[in-house]
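Student: Could you take me on a close look at one part of this model? I would like one connected account.

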Amino acid sequence: MHKLTRKRSKKAGLPSEALVYTGEKIDGKIKIHVIDYDEANFIEQELAGVEACIPYKNKPTVTWINVDGVHNVPLLEKLGDCFGLHRLVMEDIMNTDQRPKMEDFGEYLYVVFKMLTSGKNGETVTEQISLILGENYVLSFQEGVEGDVFNLIRERIRNSKGRIRKMRADYLAYSLLDAVVDNYFVVLEAFGDKIELIETELIENPTQKTVQKLYQLKRELIFLHNAVWPLREAVSALGKHESALIREATSPYLKDVYDHVIHVIDSVDIYREMLSSMLDMYLSSVSNRLNEVMKVLTVISLIFMPITFIAGVYGMNFKYMPELEWHWGYPSVLLVMVGISILMIFYFKRKKWL
């Protein structure tokens with residue numbers, strides 16, 4: 001189950017610039033992967049250490065350095081020093097509970113957002129992504145050490161498909177952001193399928209497990225809302241920002257990403273309303289079932305009430321009761337009881353109580 005907040009208490013009492021990893025414990029090794037390209041040339045390799053990044057800092061080509069894992073504080077601190085990143089930026093990268101935002105540091109832009117994927121059991125997995133956009137480079141820091149949604153971008157760069165090899169670093173940053181936002185729709189589609197299944201279950205045979213599924217979906221929806229809603233402000237600021245790092249040719253693409261984010265937010269709001277109404281539907285269904293049971297029990301009680309009264313009268317065992325020694329008394333009383341029951345059932349049906 002997701003934790004609503006990460007352990008930010010690790011930084012309690014420390015200076016703002018203190019570099020502390022606040023995410024979940026990860027045993028995997030940090031991987032540094034670099035792709036360097038222009039329209040004619042392409043280089044891709046796995047780097048052994050931070051020192052191997054230095055030659056790519058001031059190259060005229062576009063360089064994408066992707067770091068899988070932010071739990072090795074000394075390594076990331078050395079990488080930050082290599083590219084002249086502010087200590088507060090490095091602190092935000094290692095703090096994996098950041099709110100999506102965009103900040104301008106002059107020589108580079110810092111953007112942080114959440115990547116959402118579907119886990120093995122169908123749950124939504126949240127991972128923080130940090131982007132550093134420089135003049136000729138993009139640094140991407142991923143919280144996890146395995147898997148992302150950038151494989152299609154890597155293929156486009158390798159095979160020189162589309163315009164990505166013809167554009168500069170800002171277009172690469174846009175492409176990475178767009179890939180993450182597009183994957184939100186994949187997660188939302190899976191989320192919608194879950195809602196449809198639970199809705200069918202609510203109509204046909206709601207159980208206590210149905211309520212547990214509803215609350216699990218509401219919890220996942222909180223993560224979706226927290227990941228997407230602040231991203232609207234970050235993408236809007238990125239598209240409207242008058243930074244020399246964002247070229248005029250890239251601005252329309254960022255506006256398109258903004259439209260996609262708005263679409264995702266609308267879908268999340270719709271799902272929130274649907275889950276709330278489904279929970280009300282379940283409570284109403286349980287109440288209706290209880291009312292049906294109480295109605296049946298009440299009707300049965302009303303039918304047996306006069307019969308019980310007659311049986312009680314003839315069970316008092318007084319010596320001088322006129323019908324006690326009557327030969328046909330017992331079958332006559334039974335016949336009266338059956339007749340009363342039939343009349344009451346007929347009356348209830350006529351009133352549409354049955």
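Is Ser-160 buried, exposed or partly exposed, and what relative accessibility does Ser-160 have? Please go on from there to the helix before Ser-160 and its surroundings.

Tutor: Happy to! Keep in mind that this is a predicted model. Ser-160 has a relative accessibility of 38%, so it counts as partly exposed, since that class lies between under 20% for buried and over 50% for exposed. Ser-160 sits in the loop between H3 and H4. Its backbone is worth a glance too: phi is positive, at about 55°, although Ser-160 is not a glycine.

Now step back into H3, which spans residues 151–158. Its buried residues are Ile-153, Arg-154 and Ile-157. They cover an arc of only 100° around the axis, which puts them on the same side of H3. As for what that buried set meets, the partners are strands S1 (31–37), S2 (42–47), S3 and S7 (137–142), together with helix H4 (169–204).

Let us follow two of these residues outwards, beginning with Arg-154. One residue in contact with Arg-154 is Asn-66, which belongs to strand S3 (residues 62–68). Asn-66 has a relative accessibility of 1%, so it counts as buried. Its side chain makes a polar contact of 3.0 Å with the side chain of Asp-68. Beyond its neighbours within four places in sequence, Asn-66 also touches Lys-31, Ile-32, His-33, Ser-140, Gln-142 and Asp-148.

Ile-153 leads to a nonpolar setting. In the largest nonpolar core, which has 61 residues, Ile-153 is among those that touch the most other members, along with Trp-64, Val-138, Leu-172 and Leu-231. Two or more residues of this core come from each of S1, S3, strand S5 (109–118), strand S6 (124–133), H3, H4, helix H5 (208–240) and helix H6 (251–313). H4 gives the most, with 17 residues. As general background, nonpolar side chains in soluble globular proteins tend to be buried together.

Leu-172 brings us back to H3. Setting aside neighbours within four places in sequence, Leu-172 is in contact with both Ile-153 and Ile-157. The other contacts of Leu-172 in that set are Tyr-37, Val-62, Trp-64, Val-138 and Ile-164. Finally, there is a second, separate core of 29 residues, and its members include Val-34, Leu-76, Leu-79 and Ile-132.

Conventions
Residues are numbered from 1 along each chain as its sequence is written. This is a predicted model: local features need pLDDT of at least 70, side-chain atom pairs count only at pLDDT 80 or more; totals for chains, interfaces and linings use all residues. Side-chain values use heavy atoms; hydrogens and water are left out. Helices (H or I, at least four residues) and strands (E, at least two) are DSSP runs, numbered from the N terminus. Buried means under 20% relative accessible area, exposed over 50%, partly exposed in between (1.4 Å probe, protein chains only). A polar contact is a pair of N or O atoms within 3.5 Å; within protein, one must be able to donate a hydrogen and the other to accept it, and residues adjacent in sequence count only if both atoms are side-chain atoms. Contact means heavy atoms within 4.5 Å. The arc is that of the directions from the helix axis to the C-beta atoms. A nonpolar core is a set of buried Ala, Val, Leu, Ile, Met, Phe, Trp, Tyr and Cys residues joined through side-chain atoms within 4.5 Å.
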